Amino acid sequence: MSLDAALADMIPAAEKGLYKAGNIILSRAVQLTPMDRGYLRSSAFVRPEPPHAVVVGYTANYAYHVHQASGRLRGKPRRSGRGRYWDNGEPQFLKKAADQSRPAVVAAIRDELLRAAKTHEVLRK
């Protein structure tokens, strides 16, 4: 098999690794996402973004505002009467999840690329 064919197989492997990486970030982000009724957490998603990327985010229309909140209300009772602000989440939850997941993200992408490379003699030399 040629080097061109081997390298062509690396693109789907990288995309698979990116999708796995997105899910790693998503999993951690959901843990850090504050919850009142659970809609924000349930709106989390990861999707492929052609040509070679993934998007991790939230569909709730207020997600950005909660993410960017200062957290200064931490510990104060919610107006709804259900608990206190930021008892079960953190401001900047998606950014923090991406930062905290960095080693696992790199490993997920690396592992997929190595798995694909092992199937090609030309890349094992």
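Trainee: Let's start with the strands. Which residue in β2 stands opposite V46?

Mentor: Opposite V46 you'll find V56 in β2. Keep in mind that we're looking at a predicted model. Another facing couple is F45 and G57, with G57 in β2.

Trainee: How should I picture side chains along a strand in general?

Mentor: In a regular strand, side chains alternate between the two faces of the sheet.

Trainee: And in which sense do β1 and β2 pair, parallel or antiparallel?

Mentor: Antiparallel: β1 (residues 44–49) and β2 (residues 53–58) pair over 6 bridges. A hairpin of 3 residues takes you from β1 to β2.

Trainee: What is the peptide bond from P50 to P51 like, cis or trans?

Mentor: That bond is cis, and its omega is near 10°. You can find P51 in the loop between β1 and β2.

Trainee: Let's move on to helices. By what are two packed helices described?

Mentor: You give the angle between their axes, and the distance between those axes. Try α1 (residues 3–32) with α4 (residues 93–100): the angle is about 135° and the axes are 8 Å apart.

Trainee: Why are α1 and α4 called oblique to each other?

Mentor: An angle over 145 degrees would count as roughly antiparallel, and 65 to 115 as roughly perpendicular. The angle of about 135° fits neither range, so α1 and α4 are oblique to each other. The crossing of α1 past α4 is right-handed.

Trainee: Which residues of α1 and α4 make the contact?

Mentor: On α1, look for I25, R28, A29 and L32; on α4, for F93, L94, K96, A97, A98 and Q100. Sorted by class, the residues of this contact are 7 nonpolar, 1 polar and 2 charged.

Trainee: What does L94 touch, leaving out residues up to four places away in sequence?

Mentor: L94, which is found in helix α4, touches I25, A29, V56, G57, Y58 and H67. Take V56 from that list: its C-alpha atom and that of L94 are separated by 8.4 Å, with the two residues 38 apart along the chain.

Trainee: At what angle do α1 and α5 pack?

Mentor: At about 155°, with the axes of α1 and α5 (residues 102–117) 8 Å apart. That angle makes α1 roughly antiparallel to α5. Here too, α1 passes α5 in a right-handed crossing.

Trainee: Which residues in α1 meet α5?

Mentor: Among them are D9, M10, A13, L18 and I24 in α1, and the residues in α5 include V105, I109, E112 and L113. The class count for the contact of α1 with α5 is 14 nonpolar, 1 polar and 5 charged residues.

Trainee: Now the rings. How many aromatic pairs does a search of the whole structure find?

Mentor: The search finds 2 aromatic pairs. One of them is Y39 with Y62: the ring centres are 6.4 Å apart and the planes sit at 40°, so this pair is tilted.

Trainee: Where do Y39 and Y62 lie?

Mentor: Y39 lies in helix α2 (residues 39–42), and Y62 is in the loop between β2 and α3 (63–68), so the pair ties together parts 23 residues apart in sequence.

Trainee: One more: what phi does W86 have?

Mentor: A positive phi of about 60°, although W86 is not a glycine. To find W86, look in the loop between α3 and α4.

Technical notes:
Residues are numbered from 1 along each chain as its sequence is written. This is a predicted model: local features need pLDDT of at least 70, side-chain atom pairs count only at pLDDT 80 or more; totals for chains, interfaces and linings use all residues. Side-chain values use heavy atoms; hydrogens and water are left out. Axes are lines fitted to C-alpha atoms, for helices over the stretch in contact, and angles run from 0 to 180 degrees between N-to-C directions. Helices (H or I, at least four residues) and strands (E, at least two) are DSSP runs, numbered from the N terminus. Angles under 35 degrees count as roughly parallel, over 145 as roughly antiparallel, 65 to 115 as roughly perpendicular and the rest as oblique. A crossing is left-handed if the near helix is turned anticlockwise from the far one by less than a right angle, and right-handed if clockwise. Contact means heavy atoms within 4.5 Å. Ala, Val, Leu, Ile, Met, Phe, Trp, Tyr, Cys and Pro count as nonpolar, Asp, Glu, Lys and Arg as charged, and the others, Gly among them, as polar. Two strands pair if DSSP finds at least two bridges between them. Rings of Phe, Tyr and Trp (its six-membered ring) pair if their centres lie within 6.5 Å; planes under 30 degrees apart count as stacked, over 60 as edge-to-face and the rest as tilted.
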